[in-house]
Amino acid sequence: MDATAGKIVLAVKRGDSINHIASKIDVSYSWVYDWVERLENANIIANTDNGLQIIDHEMRQQYAEMMAALYSRDTISQDDAYVIPHFAGMEFAFTEIDAAYVWTQGGYQIARSHDDYPVFIEVHDRDIERWMAFFQQFGVETTLNERPDANEVTGNVHYVLFPKTTSIETEWVDGNPVIPLEDAIDQMMENHPAYEPALEIIADKYDRDIDASHHDPPSPD
């Protein structure tokens, strides 16, 4: 019963590679490789030609309970705030501020602090109750569609869920599922002054010609 082993088991989705798991949980490839071998020898996961898969679901549940107990007891770090959603086993994508954060590979932050760190994710509307129950296990609060005032939530990290009744389109950046780059750019252009540094990073990093002028409201005659 090790925390790294728990992260691996909870983050695995059928077909994942070791490298993908290492990116998801932000642990070195060699360390994850070593733990995968141990977990395979213990018949908890299988490393097949088609990727990793869980074979002992009862042990996975035990890891889930252990990790929830560990996180609910301590302050959740900013890094772990991006790892925990991977444990839920449900589809999601980082959006809003976190779309900028993920696409700039951590190069841009806005309106967040150590004591007030909301994380913004798109989820399926049908999964809302499961997501809220999942985060409650970790002692983390959730809100829907809108960031709450800092004095209305307990703890530093909390999650803002954006329910979707349509499919969730994702791209993967450094182990994180995030809304597509074009969608992220459109979101940032809606509040261009606040996101200008992020847009500059994205324009340079992804060789995009981003012009804010066509998004500005027309000037009165």
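User: Before we start, what does "buried" mean here?
Analyst: Buried means a residue has under 20% relative accessible area. Keep in mind that we're looking at a predicted model.

User: OK, so what share of the protein is buried?
Analyst: Of its 221 residues, 48% are buried.

User: How many helices and strands are there?
Analyst: The protein has 9 helices and 8 strands. Its radius of gyration is 19 Å, close to the 17 Å from the globule rule for 221 residues, so the protein is as compact as a globular protein of that length.

User: And what box do the C-alpha atoms fill?
Analyst: Roughly 75 × 40 × 30 Å, along the principal axes.

User: Let's look at H9. Where is its kink centred?
Analyst: On Ala198, with a bend of about 40°. The helix covers residues 192–205.

User: Which residues of H9 are buried?
Analyst: Ala198 is one of them, along with His192, Tyr195, Leu199 and Ile202.

User: What covers them?
Analyst: The cover includes helix H6 (97–103) and helix H8 (181–189).

User: What follows H9?
Analyst: Asp207 does, and its phi is positive, near 55°.

User: Switching topic: is Arg130 buried, exposed or partly exposed?
Analyst: Arg130 counts as partly exposed because its relative accessibility is 49%, and exposed would need over 50%. You'll find Arg130 in helix H7, residues 128–137.

User: How far apart are Arg130 and Met90?
Analyst: In sequence, 40 residues; in space, 8.9 Å from C-alpha to C-alpha.

User: Last one: how many positive and negative side chains does the protein have?
Analyst: There are 14 positive and 41 negative ones, and the centres of the two sets are 8 Å apart.

Terms used: Residues are numbered from 1 along each chain as its sequence is written. This is a predicted model: local features need pLDDT of at least 70, side-chain atom pairs count only at pLDDT 80 or more; totals for chains, interfaces and linings use all residues. Side-chain values use heavy atoms; hydrogens and water are left out. The bend at a residue is the angle between axes fitted to the seven residues ending there and the seven starting there. Helices (H or I, at least four residues) and strands (E, at least two) are DSSP runs, numbered from the N terminus. Buried means under 20% relative accessible area, exposed over 50%, partly exposed in between (1.4 Å probe, protein chains only). Contact means heavy atoms within 4.5 Å. The radius of gyration is taken over C-alpha atoms; the globule rule is 2.2 Å times the number of residues to the power 0.38. Lys and Arg count as positive and Asp and Glu as negative; His and the chain ends are not counted. The place of a charge is taken as NZ of Lys, CZ of Arg, CG of Asp or CD of Glu.
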